[in-house]
Amino acid sequence: GNPELPTAVNITWSSINFKTILQWQPKPSGYFYTVEIHGQTSDTKKKCILTTETECDVTDALRNVKETYTAHILSVMSSRMDDFEEPPFAVSEKFTPYNQTVLGKPEIQNYTQKGSKLNVVFQDPLTPYTFPNGSFQNIRDIFQHDLEYKLYYWKDQSSGKKDATTKSHTFEVSVDSTKNYCFYVQGNIPSRRENRNGQESAILCTSVGRNILDEYGAEVFIIIAVIAIAVITLAIVLSVILCKRKKAKAAREKEPLNGV
């Protein structure tokens, strides 16, 4: 083989919604990398053959998401290698997509606050995998009943959070009809030992009965009040000064001229 070639180090798996990227170091100089994906029961698959990059998209080699894989990153000189030569390689940690991929952000499609009910409708994140008809599978298609979602919600400008759980695409929770609420949605796999919680959706807020004080807070109004008082005070002071000047002028005009 070529034992003098450096082998990969710092090998990591990065996976969100089953899109999986393998990364490593160092950048090669005068040689190449080839990635082999080894499954427990599946055939070995080669990816990123003779690459000078230090990352490789291995998503389509991990279609059996419940299988556990390891990656062999081979350091090779060129494609002109005899079959009996085994190049030096480094082995990654084990990776099981079903247990380790991170759940991405759910997309909130619609929300309403009517009276004392807050309704939120959201959509499952898509995966790179497709059905036979070509449409993309979402994470619910893969996780099925293992997947649930949590809604975290709180009164606008308050820090006290409440939460609700669903296995569907909707939430309906009771709220104070006189207050606005902010919220986000997060996927969850309770059966996992690690990576149970997914990424948080965007935070959105309702605007039912929202007034300027809710929007900007009391501090802004204090500043506005101070400015208003200052303007009124200045106007009064100027009025008094002008009035005094006017009276003084009138008094001067009534005085007899000197020498008359």
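## Close-up views of a predicted model

**View 1. A disulfide joins C182 to C205 in this predicted model, with the two sulfur atoms 1.9 Å apart**. C182 belongs to strand 15, which covers residues 181–188, while C205 belongs to strand 17, which covers residues 204–205, so the link ties together parts of the chain that lie 23 residues apart in sequence. The torsion about the S-S bond is 105°, and the link of C182 and C205 is right-handed. The two ends of this bridge can also be described by their accessibility: C182 has a relative accessibility of 4% and counts as buried, whereas C205, with a relative accessible area of 31%, is partly exposed.

**View 2. C48 and C56 form a disulfide in which the sulfur atoms are 2.0 Å apart**. The torsion about the S-S bond of this pair is about 95°, and the disulfide is therefore right-handed. C56, at 1% relative accessibility, counts as buried, whereas C48, at 27% relative accessibility, counts as partly exposed. C48 is found in strand 4, and its backbone deserves a separate look, since C48 has a positive phi of about 50° although it is not a glycine. The count of disulfides comes to two, and, with bonded cysteines counted along the protein chain, their pattern is 1-2, 3-4. Another cysteine, C243, has a relative accessible area of 38% and is partly exposed.

**View 3. K19 and D57 meet through their side chains in a salt bridge, with a distance of 2.7 Å from N to O**. K19 lies in strand 2 (residues 19–25) and D57 in strand 5 (residues 55–57), so this pair ties together parts that are 38 residues apart in sequence. K19, at 42% relative accessibility, counts as partly exposed, and D57, with a relative accessible area of 32%, is partly exposed. The count of salt bridges comes to six, among them the pair shown here and the pairs of the next two views.

**View 4. The side chains of K46 and E36 meet in a salt bridge with an N to O distance of 4.0 Å**. This pair links distant parts of the chain, with K46 in strand 4 (residues 45–51) and E36 in strand 3 (residues 32–39), 10 residues apart. The two partners fall into separate accessibility classes: K46, at 51% relative accessibility, counts as exposed, whereas E36, at 13% relative accessibility, counts as buried. Exposed here requires a relative accessible area over 50%, so the 51% of K46 places this residue in the exposed class.

**View 5. A salt bridge brings together the side chains of D60 and K47, at 2.9 Å from N to O**. D60 sits in the loop between strand 5 and strand 6 (69–76), K47 sits in strand 4, and the pair links distant parts of the chain that are 13 residues apart. K47 is buried, with a relative accessible area of 18%, while D60, at 40% relative accessibility, counts as partly exposed.

**View 6. Q25 and P26 are joined by a cis peptide bond, for which omega is about -5°**. P26, on one side of this bond, is found in the loop between strand 2 and strand 3.

**View 7. N195 has a phi near 55°, a positive value in a residue other than glycine**. This residue is found in the loop between strand 15 and strand 16 (197–200), and with a relative accessible area of 38% N195 is partly exposed. A positive phi in a residue other than glycine is also shown in View 2, where C48 has a value of about 50°.

**View 8. Q137 lies in strand 11, which covers residues 136–138**. With a relative accessible area of 17%, Q137 is buried. When the neighbours within four places in sequence are left aside, Q137 is in contact with L126, T127, Y129, T130, F131 and I142.

Notes
Residues numbered from 1 in each chain as written. Predicted model: local features only at pLDDT ≥ 70, side-chain atom pairs only at ≥ 80, totals over all residues. Heavy atoms only, no water. Helix = DSSP H or I, 4+ residues; strand = E, 2+ residues; numbered from the N terminus. Buried < 20%, exposed > 50% of the residue type's maximum accessible area, 1.4 Å probe, protein only. Contact = heavy atoms within 4.5 Å. Disulfide = S-S within 2.5 Å.
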